[in-house]
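Trainee: Got a minute to go through this one with me? I'd like to start with a helix.

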Amino acid sequence: MRSPLLDTPGAVAAETPDADVAGHYGDPFAEQRALLAGEAMVDRSNREVVRISGPDRLSWLNNLSSQKLDNLKPGEATQTLLLDAQGRVEHHLTLVDDGEAVWAHVEPGTAAELTAFLNKMRFMLRVEVAEVTDDYAVVSVVEAERLTLPEGAILVGDDVLLPRDLLAGRLGLKLAGLWAYEALRIEDHRPRLGFETDHKTIPHEVGWIGSALHLSKGCYKGQETVARVHNLGHPPRRLVFLHLDGSVDTLPKHGTPVVLDDGEVGFVGSAARHYELGPIALAVVKRTVPVDATLTAGEVAATQEVIVPPDAGRNVQIDPALRRRIR
């Protein structure tokens, strides 16, 4: 669904899968600063929204997904994953319960598959699942809880599910494009499904343990792999933050090989230009890559910062300081 905010003077569309929203409105660095200052909102209305109602919704979702949700308090935002039987990530949900229903937003193009799966798993439980993307748009604001939201809007952490007919009102804020949001997401070390993940990704590799996966909850599909890696092994890959050589004009695209000593050791997930840090990226590399090795992302030299340490798993927890502002 193409955003009406793309008709704003100066708006330039982002790249697929985000082409229905603006990448920027003419000044990406100023937009980053305004976003950080709480003066701007980011149009992420290409994301899709699912509503799950019914008295059994939280216990049911708790049994299906990776996060402990059975005692989730109204208004408390969190994340959860749906895994396959081998513990590989299939869906990532950012959600909140408002006391009557769970509201979740997910990556563009994934809601239909998600709702089909959830409806298949309802059995005789008192739950109802519906995609409501046509009615609600996702926008993001730093410290969104300070805002006075219009009637019908739903707060999900730093995201707002806004009735679509109110999107053009911008919550009374300036506009920042998706480029600004992505630069801050990368700086914050937050992985994105389909960018820092592929068909083989397990939660340990990208730092979703804790933020989207609870290690002490009951059974769910894929839990055996999660427990085995946590207690006995190491994930085969790890998420890293890259400082890219600023003398190169172009940014490596998603999927660009990461190379060490002429051998491919991983791939670039996302890259952006940060208003202070310059060109930066998130990448997934083999666990055995030395943490101090200088890598090459495409034609761009890159130095690493550790996000997921090589010894992750075997009850080794990620230092919260390395997570920065993961939320």
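Mentor: Sure. Keep in mind that this is a predicted model. Take helix α5, residues 223-231: Thr225, Val226, Val229 and His230 are buried there.

Trainee: Why do the buried residues of α5 line one face of the helix?

Mentor: Look down the axis of α5. Its buried residues fall within an arc of 125°, so they line one face. There is a general rule behind that. An α-helix has 3.6 residues a turn, so residues three or four places apart point the same way.

Trainee: And what do the buried residues of α5 pack against?

Mentor: They pack against β5.

Trainee: OK, β5 then. Is β5 enclosed or open?

Mentor: Largely enclosed by the rest of the structure, because six of its six residues are buried. Both faces are covered. Thr78, Thr80 and Leu82 are on one side, with Gln79, Leu81 and Leu83 on the other.

Trainee: Which strand is joined to β5, and by how many bridges?

Mentor: β6, by six bridges, and the two run antiparallel. One register point to check: threonine 80 has leucine 93 of β6 as its bridge partner.

Trainee: What about the hairpin of β5 and β6? How many residues sit between the strands?

Mentor: Five. Glycine 87 in that hairpin takes a positive phi near 80°.

Trainee: Back to Leu83. What does leucine 83 touch?

Mentor: Leaving out residues up to four places away in sequence, leucine 83 touches Arg88, Val89, Glu90, Pro203, Leu213, Tyr220, Lys221, Gly222 and Val226. Val226 is one of the buried residues of α5.

Trainee: Which residues have the most contacts inside the largest nonpolar core?

Mentor: Leu83, Trp208 and Leu239, in a core of 23 residues. β5, α4, β13, β15 and β16 each supply at least two residues of this core. The largest share is three residues, and that comes from β16.

Trainee: Which residues does the second core include?

Mentor: Leu82, Val106, Phe117 and Val127 are among them. That core is separate and has 20 residues.

Trainee: Phe117 is in a helix, right? Which residues of α3 are buried?

Mentor: In α3, residues 111-120, the buried residues are Ala111, Leu114, Thr115, Phe117 and Leu118. Down the helix axis they fall within an arc of 160°, so they too line one face. Glu113 and Lys120 are exposed on the other side.

Trainee: And what does the buried side of α3 pack against?

Mentor: The buried residues of α3 pack against β4, α2, β5, β6, β7 and β8.

Trainee: Where is proline 108 placed?

Mentor: In the loop between β7 and α3. Apart from residues up to four places away in sequence, proline 108 touches Pro17, Asp18, Asn46, Arg47, Glu48 and Arg192.

Trainee: Switching topic. In what order do the strands close into a barrel?

Mentor: Six strands, β13-β16-β15-β14-β17-β18, with antiparallel pairing. The twist averages 40° from one strand to the next. Two bridges join β14, residues 257-260, to β17, residues 295-297. Valine 259 stands opposite threonine 296 there.

Trainee: Which helix lies across β13, β15 and β16?

Mentor: α4, residues 178-187, running at about 130° to β15.

Trainee: I noticed a histidine in β15. Is histidine 274 buried or exposed?

Mentor: Buried, with a relative accessible area of 2%. You're right that histidine 274 is in strand β15. Its side chain reaches the backbone nitrogen of glutamate 276 at 3.0 Å. The backbone nitrogen of leucine 277 lies 3.1 Å from a polar atom of that side chain.

Trainee: What else does histidine 274 touch?

Mentor: Phe29, Gln32, Ala183, Leu184, Glu187 and Ile280, not counting residues up to four places away in sequence.

Trainee: Last one, the open sheet. What is its strand order?

Mentor: β10-β11-β9-β3-β12, five strands with mixed pairing. The edge strands are β10 and β12, and each pairs on one side only. β10 pairs with β11 in the antiparallel sense over three bridges. Leucine 155 has valine 160 in β11 as its bridge partner.

Trainee: Which helix lies across β3, β9 and β12?

Mentor: α1, residues 28-36, running at about 115° to β12.

Key: Residues are numbered from 1 along each chain as its sequence is written. This is a predicted model: local features need pLDDT of at least 70, side-chain atom pairs count only at pLDDT 80 or more; totals for chains, interfaces and linings use all residues. Side-chain values use heavy atoms; hydrogens and water are left out. Two strands pair if DSSP finds at least two bridges between them. Helices (H or I, at least four residues) and strands (E, at least two) are DSSP runs, numbered from the N terminus. Contact means heavy atoms within 4.5 Å. Axes are lines fitted to C-alpha atoms, for helices over the stretch in contact, and angles run from 0 to 180 degrees between N-to-C directions. Buried means under 20% relative accessible area, exposed over 50%, partly exposed in between (1.4 Å probe, protein chains only). The arc is that of the directions from the helix axis to the C-beta atoms. A nonpolar core is a set of buried Ala, Val, Leu, Ile, Met, Phe, Trp, Tyr and Cys residues joined through side-chain atoms within 4.5 Å. A polar contact is a pair of N or O atoms within 3.5 Å; within protein, one must be able to donate a hydrogen and the other to accept it, and residues adjacent in sequence count only if both atoms are side-chain atoms.
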